[in-house]
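User: Could you take me through one part of this protein slowly? I am new to reading structures, so please explain the terms as you go.

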Amino acid sequence: MNNKEGNNKGKGPRANSSRPNSNKPKPAMQKRAQGPKKAKPITKVEEEVAAKAAKKPNQAPKRQKAADEIRLNKYIANSGACSRRDADIYIQSGNVKVNGVPVIEMGYMVKPGDTVNFDGAVLTPEKKEYILLNKPKNFTTAFDEGQEYRNVLELVRGSTNAKIAAVGRMDKNTTGLLLFTNDTDMLRKFTLPSQKSSKIYQVSLDKNLKFEDLEKINKGLVLDGHRVFVEDISYIDNEPKSEIGLKLRSSNVKVVRAIFENFDYDVLRIDRVAFAGLTKKNLPRGNWRFLTEQEIINLKNV
């Protein structure tokens with residue numbers, strides 16, 4: 001045997017070997033799938049800028065209120081038809097028309113020259129008037145007491161063309177401060193049991209008020225099933241013990257009379273000397289005056 005051939009055979013590849021040839025090219029590696037890129041965190045400033053820039057679809061730009069425009073519910077209240085709150089109910093129910101077109105939009109603005117139809121009637125708004133009267137005796141706020149006693153409206157006749165009404169009630173024997181206005185919101189406000197304005201009355205009794213009765217009244221009492229809270233009660237300085245000062249929130253003079261009658265006293269006279277911060281200063285009996293702008297503001301804020 002030739003040694004060369006034997007050596008060449010020994011160096012040649014084995015026929016039955018399963019080992020792959022290292023010189024064979026490898027298949028290309030597949031690219032790894034990449035996930036979505038992480039979004040950068042949005043700062044608070046960027047969010048505010050984006051919110052301001054974004055607009056709702058079909059959103060009309062906010063219109064500035066003109067100086068001579070007025071909200072529809074206020075227009076209705078100014079006419080004396082009802083309060084603003086009740087006007088909102090009428091508007092929502094479709095009973096209000098502006099220039100012949102039904103309006104149900106809350107906050108609708110009425111322009112000068114617009115015709116407002118409220119529940120079938122054309123409205124004419126009035127300027128708000130506030131008149132303070134120092135009422136004398138033998139005039140009443142009622143309209144059903146016959147010819148014997150005259151109505152308090154006679155005392156303020158000619159003061160205004162507005163349809164004013166008295167705030168609260170007064171009988172013929174009660175004197176003192178009585179407010180008139182065509183402001184329906186204020187009329188309603190001062191007739192609510194929850195209203196917080198104080199009134200001061202000077203009450204003349206048929207006999208001296210016992211101190212123990214004064215103390216009982218000061219603690220409050222129940223009349224006809226309703227609790228009456230008295231803010232203050234006292235004897236009037238340099239006057240008989242039958243002259244009493246009484247401070248409470250009720251604008252109903254009948255309550256004042258009922259307080260003392262509950263303790264078997266006859267009330268001879270009641271004079272309202274203060275009403276929600278208003279006094280009789282420089283206002284003689286039987287005279288009236290318009291409230292100042294500051295007094296009107298004060299009344300609205302009590």
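Analyst: Happy to help; here is a walk through one strand, its partners and a charged patch.

This is a predicted model, in which local features need pLDDT of at least 70 and side-chain atom pairs count only at pLDDT 80 or more, while totals for chains, interfaces and linings use all residues. Residues are numbered from 1 along each chain as its sequence is written, and side-chain values use heavy atoms, with hydrogens and water left out.

Let's begin with strand E12, residues 199–205 (strands, of at least two residues, and helices, H or I of at least four, are DSSP runs numbered from the N terminus). Five of the seven residues in E12 are buried, meaning under 20% relative accessible area, whereas exposed is over 50% and partly exposed lies in between (1.4 Å probe, protein chains only).

E12 pairs with two strands (pairing takes at least two DSSP bridges). With E16, residues 243–248, the pairing is antiparallel over six bridges, and Val203 sits opposite Ile244 there. With E17, residues 267–275, E12 also runs antiparallel, joined by seven bridges, and Lys199 faces Phe275.

Now for the loop between H7 and E17, where you will find Asp264. Its phi is near 65°, a positive value in a residue other than glycine. Most residues other than glycine have a negative phi. Asp264 counts as exposed because its relative accessible area is 62%.

Glu261 belongs to helix H7, residues 253–261, and is partly exposed because its relative accessibility is 42%.
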